[in-house]
Amino acid sequence: MLRSFLRRLKRRGGDPDQELRFWTRQWDAHIRGGSLFSPHGLELIGDQEVADSYEGRRWQEARAQVRRVLDEAEIDDPDFFTGRVVLEIGPGPVGLPDACGAKLALAVEPLAPRFDRAGLLLQSDAVYLATGAEAIPLLDASVDVVVARNCLDHVVDPRAVLSEVVRILRPGGTLILNVDVDGEPTAEEPHAFSADDVHRLLHPLRVAHERWIAEPHGHKGRQLVVVATKDTEAGTPSTTLLRWISPS
């Protein structure tokens with residue numbers, strides 16, 4: 001039981017109109033103005049200068065996000081996503097699925113159609129699923145890595161989302177979770193968590209590593225970064241998704 005698990009404004013996800021305004025009026029406008037929105041973006045990717053073109057800056061943002069997620073999780077392998085089936089929950093238009101080098105890159109993003117109409121999605125092989133993460137349209141044990149960065153407090157039902165993560169992860173698969181704790185609910189982030197809430201939500205995944213980052217994504221609290229794995233079950237294939245797409 002998660003008896004004191006969440007403090008909510010309403011039983012709903014973040015305000016989609018307000019979230020879209022952030023991406024178009026702040027994030028994208030900043031990049032179109034000739035700068036990177038990402039803090040320390042050039043340092044993360046090792047580039048010397050901000051790209052001259054909007055498209056170039058967008059790809060720099062995407063590559064920086066890949067490095068940021070791995071650095072936050074203290075995963076010292078720049079090719080961690082390479083050759084794997086990777087799904088990000090709530091990536092916005094930043095572009096980690098597009099730039100991570102996965103064998104198959106998926107994104108669960110309810111605002112994807114609106115991002116697409118606004119010209120915010122990168123042109124790549126990544127597949128954006130315009131659905132909530134409470135019911136992900138993938139088979140059991142079909143994903144190698146799930147990334148959930150600064151999204152769990154935006155969704156409608158965090159417990160259902162983590163249950164879906166457990167379901168779709170293959171045995172031995174990895175969740176990289178970054179979430180604010182000890183914050184306050186807002187219109188965009190209607191859920192607030194304690195560290196104990198997060199640990200309970202992660203069951204039955206096994207926490208392999210965690211760390212704290214003092215600066216929150218929102219206005220209050222701090223970031224908790226957790227790398228968790230799903231226990232291996234003998235006789236289960238590493239992934240079933242490719243067989244689902246192309247049955248033999």
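How many of the five residues of strand β3 (residues 104-108) are buried? In this predicted model, five of the five are, and the strand is mostly covered.

## The chain as a whole

The chain has 248 residues, of which 50% are buried, and its secondary structure comes to eight helices and nine strands. When contacts with a separation of 6 or more are considered, 66% of them are between residues 24 or more positions apart. The accessible surface comes to about 11,900 Å², and carbon and sulfur atoms hold 48% of that area.

## Strand β3 and its partners

The side chains of β3 point in two directions, with Leu104, Leu106 and Val108 on one side and Ala105 and Ala107 on the other, and all of these residues are buried. This fits a general pattern, in which the side chains of a regular strand alternate between the two faces of the sheet.

Strand β3 pairs in the parallel sense with strand β2 (residues 85-89) over five bridges, and in that pairing leucine 104 of β3 is the bridge partner of valine 85. It also pairs in the parallel sense with strand β4 (residues 127-129), here over three bridges, and valine 108 stands opposite leucine 129 of β4. Between β3 and β4 the chain passes through helix α5 (residues 112-117), and this β-α-β crossover is right-handed.

## Helix α6

Helix α6 (residues 158-168) is largely enclosed by the rest of the structure, because eight of its 11 residues are buried. The buried residues are Pro158, Ala160, Val161, Leu162, Glu164, Val165, Val166 and Ile168, a list that includes the glutamate Glu164 alongside residues such as Val165 and Ile168. At the start of the helix, a side-chain oxygen of aspartate 157 comes to within 3.2 Å of the backbone nitrogen of arginine 159.

## The nonpolar cores

The largest nonpolar core has 34 residues, and the members that touch the most others are Leu87, Ile89, Val146 and Leu175. Several elements each supply at least two residues of this core, namely β2, β3, β5 (143-149), α6, β6 (169-181), α7 and β9 (222-229). A second, separate core consists of 31 residues, among them Leu20, Phe81, Leu120 and Ile176.

What does valine 146 touch, when residues up to four places away in sequence are not counted? Its contacts are Leu87, Ile89, Val165, Ile168, Leu169, Thr174, Leu175 and Ile176. Two of these names, Val165 and Ile168, also appear among the buried residues of α6.

## Two acidic residues

Is glutamate 72, which lies in helix α3 (residues 54-72), buried or exposed? Its relative accessibility is 11%, and it therefore counts as buried. The side chain of glutamate 72 makes a polar contact of 2.7 Å with the side chain of arginine 149. Leaving aside neighbours within four places in sequence, glutamate 72 is in contact with Arg149, Asn178, Arg211, Ile213, Gln223 and Val225.

Aspartate 196, by comparison, is found in helix α7 (residues 195-202) and counts as partly exposed, because its relative accessibility is 48%. Aspartate 196 and valine 181 are 15 residues apart in sequence, and their C-alpha atoms are 9.5 Å apart in space.

Key
Residues numbered from 1 in each chain as written. Predicted model: local features only at pLDDT ≥ 70, side-chain atom pairs only at ≥ 80, totals over all residues. Heavy atoms only, no water. Helix = DSSP H or I, 4+ residues; strand = E, 2+ residues; numbered from the N terminus. Buried < 20%, exposed > 50% of the residue type's maximum accessible area, 1.4 Å probe, protein only. Contact = heavy atoms within 4.5 Å. Areas by Shrake-Rupley, 256 points an atom, 1.4 Å probe, with all protein chains shown as cover. Polar contact = N/O pair within 3.5 Å; in protein donor to acceptor, adjacent residues only side chain to side chain. Pairing = 2+ DSSP bridges. Right-handed = clockwise from strand over helix to strand, strands pointing away. Core = buried A, V, L, I, M, F, W, Y, C linked by side-chain atoms within 4.5 Å.
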